[in-house]
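User: I would like to go through the terms used for this structure and see what each one rests on. Please set each value against its cut-off.

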Amino acid sequence: MSNSFHIVVCGGIVPDPLQTLEPVIGPNGPALKNELLLPHVLDPWAAHALYEAAHLAKAHAGSKVWLVSLASKAKLQQVMMTVAQRVPLELVAVDGPSGGFTDSFEVAAALAGAIEAIPGLDRTRLLLLGGWESASRAAGATMQMVGERLGITEQFQGVDELTVGEDGSLRILERVEGGQHQVSVCSGPPAVLGWATGNLPEPANSPQIGMQNMRLILPALQKAKAAQVGAGCTFANVALPKQQRETRMVKDTPVEEIAREIVEWIVAE
Amino acid sequence: MSETILLLAHTEADGSLSRLALETLAAAKSLGGALVVGLIGGDVQTAADSIAGCGAARFLSVAGEAFAESRYSTDAAAAEALVKAAQATIVIAPQTSRFARCMAGVAQRLGGRIDTHVTAIAEGPQITRWYYRQRMEAVIERAQRPWFLLVESGIAEPYPSRDREGAVAVEMLPVEVSSRTRVLGRQAPKAEQQTIRPDAKLLFVAGAGWTKKQADGAAHIDDAARLILGFLAATGASLGSSKSLVDLSGEGQAVLPFLSHMNQVGQTGSTPRHPKGLSTCCHGEEPHVVGWRFIRERRVINLDANCGWARGKADVLYVADAFAVMERVNALLAETAT
């Protein structure tokens, strides 16, 4: 039996994890210092979701992948120069703040509105994918809210594996406590899947895919609608953790001595 | 404003409440206001009786076979009914995988707002949570109600529950549910598989350096695997890895075969809570170290004296060859065992 899906991936952009981040309080609440100057990447868990979406679409003829992203158009265009070379996709851009100090409720409203406006989207075949948490707000709340707004009540979070059965059912492994997975079977789409890391490697860059994607990405960026997204709360304080340890350096010391010290430390209560 | 606080908890497989649920109950009591307990599970009477003296004005529950399993559609329907029945302004629940899956959806249904991974609650109420994957900490207040809070472990001393602390009259709420999802069960890693073990006293993190060329110009993957697995067998430590090492395995390179994304600690991995952590062959850059935020005692073996760990991120940095040190550590552990 042939199963094809309309796969919508929600993915924001975040500062490159290697950057030093520092909060500042501005007139509109907290933000990152020099945020617009920081190099950005596609949110790592959302990127895993995108790779899984592309893998799924490739395996099921007739499937299609959309990437819905809320970010400033200029930063999103920079990130898409790389992402677009990885997997075939159609971008749906929403122009707005991508930082962590926004409220998931308001972000979900903007994303759901953009998804509802996708022409030709068959919501009976919809798989709504994203990262189970972002690397910015890290709340793990937005995907559920988008799903609710779209009327999807079969939802899964911390997904590491999705297998499509011959009958179109979805066998899903979700991360739960104790390093275990919960195994569930959903009868089929529509469903929300918030991905953890999954098992797929990062796809290699393909200039050919990049050329195809960019023909649609640039117009999508131009027609991105602005979204009003705020903090939704009052920040009494935002600060870097103050804890700084006094690191004791042990060098030019015999291996035997180091090993003994480590073992004593390990076995001590 | 006088708040109505709803403590939401789900029962464990044996019908009890988890330690985290009891910590959450203690946190809920600290907020003041009228306390209502809402329980979800297959059979909740034992759990309710164990906290009979907690001071709740009402005990509500949604129970039955459909609610014994952790599943979005049934859990969301149950939580929605409980919040409505309690007329709660603040809903506080433990940050378990079960509630993390559904509670944001419930907040959406009820026009509320949610904050997750809450690590502290103060008068106001004000809550503390991390942003940018444990890289900065914020204190927040909200006017919007209902306000949903999912709290992390360690937020309070657990409420001292007792078997049959009292006999509670639990108000059962009828909830009709239909779901297209069947839960088949839980899948544990294979017995020989090394994973994150939340209950271990020690976290051992393997960095990408284990797979790099050594002083003789060759990589020693087999030696690395033998040393790491030997150490884990001797100590029962939890095994974590840096993202770079996991990515190498994802790319199909011949690297440590027992590592997967499940082991990943840091920016896009887990943030485990162990009393001690030993990092080896990991450079200690910020994306790795954010996963160590809740590791109390940190020691590191690395060849580079200027690595990230040296900048106030570890208690002790051993500037040494991890291959040589771990060989001796394993030998000493074997001697200690005999």
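**Contact between the chains**

Analyst: The contact draws 73 residues from chain A and 74 residues from chain B. The model is a predicted one.

User: Which element gives the largest share of the side of chain A that touches chain B?

Analyst: That is α6(A), with 10 residues. By class, the side of chain A that touches chain B holds 38 nonpolar, 23 polar and 12 charged residues.

User: Why are α6(A) and α8(B) called oblique to each other?

Analyst: The helices are α6, residues 255–267 of chain A, and α8, residues 322–337 of chain B; their axes come within 8 Å and cross at roughly 50°. Angles under 35 degrees count as roughly parallel, and 65 to 115 as roughly perpendicular. The crossing of roughly 50° is in neither range, and therefore α6(A) and α8(B) are oblique to each other. Their crossing is right-handed.

User: Which residues of α6(A) and α8(B) meet?

Analyst: From α6(A) they are A:V255, A:E256, A:I258, A:A259, A:R260, A:I262, A:V263 and A:V267. From α8(B) they are B:A324, B:V325, B:R328, B:V329, B:L332, B:L333 and B:T336. The residues of this contact of α6(A) with α8(B) divide into 11 nonpolar, one polar and three charged.

User: What makes α4(A) and α4(B) oblique to each other?

Analyst: Here the axes of α4 of chain A (residues 142–149) and α4 of chain B (residues 97–109) come within 8 Å and cross at roughly 45°. Roughly parallel needs an angle under 35 degrees, and roughly perpendicular starts at 65. With a crossing of roughly 45°, α4(A) and α4(B) are therefore oblique. The crossing of α4(A) and α4(B) is right-handed. A:Q144, A:M145, A:G147, A:E148 and A:R149 of α4(A) make the contact with B:A104, B:G105, B:Q108 and B:R109 of α4(B). The residues of the contact of α4(A) with α4(B) comprise two nonpolar, four polar and three charged.

User: What makes β15(A) and β15(B) a pair across the chains?

Analyst: Pairing takes at least two bridges. Strand β15 of chain A (residues 248–250) and strand β15 of chain B (residues 316–319) have three, in the parallel sense. A:R248 stands opposite B:V316.

**Strands within each chain**

User: Why is β1(A) called largely enclosed?

Analyst: A residue counts as buried if 20 or more other C-beta atoms lie within 10 Å of its own. Five of the five residues of β1(A), residues 6–10, are buried, so the strand is largely enclosed by the rest of the structure. A:H6, A:V8 and A:C10 point one way and A:I7 and A:V9 the other way, and all are buried.

User: With which strands does β1(A) pair?

Analyst: β1(A) pairs with β6(A) (residues 64–71) in the parallel sense over five bridges, and A:C10 has A:V68 as its bridge partner. β1(A) also pairs with β8(A) (residues 126–131), again parallel and over five bridges. A:L126 of β8(A) is the bridge partner of A:H6.

User: How do you know that β4(B) is largely enclosed?

Analyst: Five of the five residues of β4(B), residues 90–94, are buried, so β4(B) is largely enclosed by the rest of the structure. B:I90, B:I92 and B:P94 point one way, B:V91 and B:A93 the other way, and all are buried. β4(B) pairs in the parallel sense with β1(B) (residues 4–10) over three bridges and with β8(B) (residues 147–151) over five. B:I92 stands opposite B:L7 of β1(B) and opposite B:L149 of β8(B).

Technical notes. Residues numbered from 1 in each chain as written. Chains lettered and ligands numbered in written order. Predicted model: local features only at pLDDT ≥ 70, side-chain atom pairs only at ≥ 80, totals over all residues. Axes fitted to C-alpha atoms, helices over the stretch in contact; angles between N-to-C directions. Helix = DSSP H or I, 4+ residues; strand = E, 2+ residues; numbered from the N terminus. Parallel < 35°, antiparallel > 145°, perpendicular 65-115°, else oblique. Left-handed = near helix turned anticlockwise from the far one by under 90°. Contact = placed C-beta atoms within 7 Å. Nonpolar A, V, L, I, M, F, W, Y, C, P; charged D, E, K, R; others polar. Buried ≥ 20, exposed ≤ 12 C-beta atoms within 10 Å, placed from the backbone.
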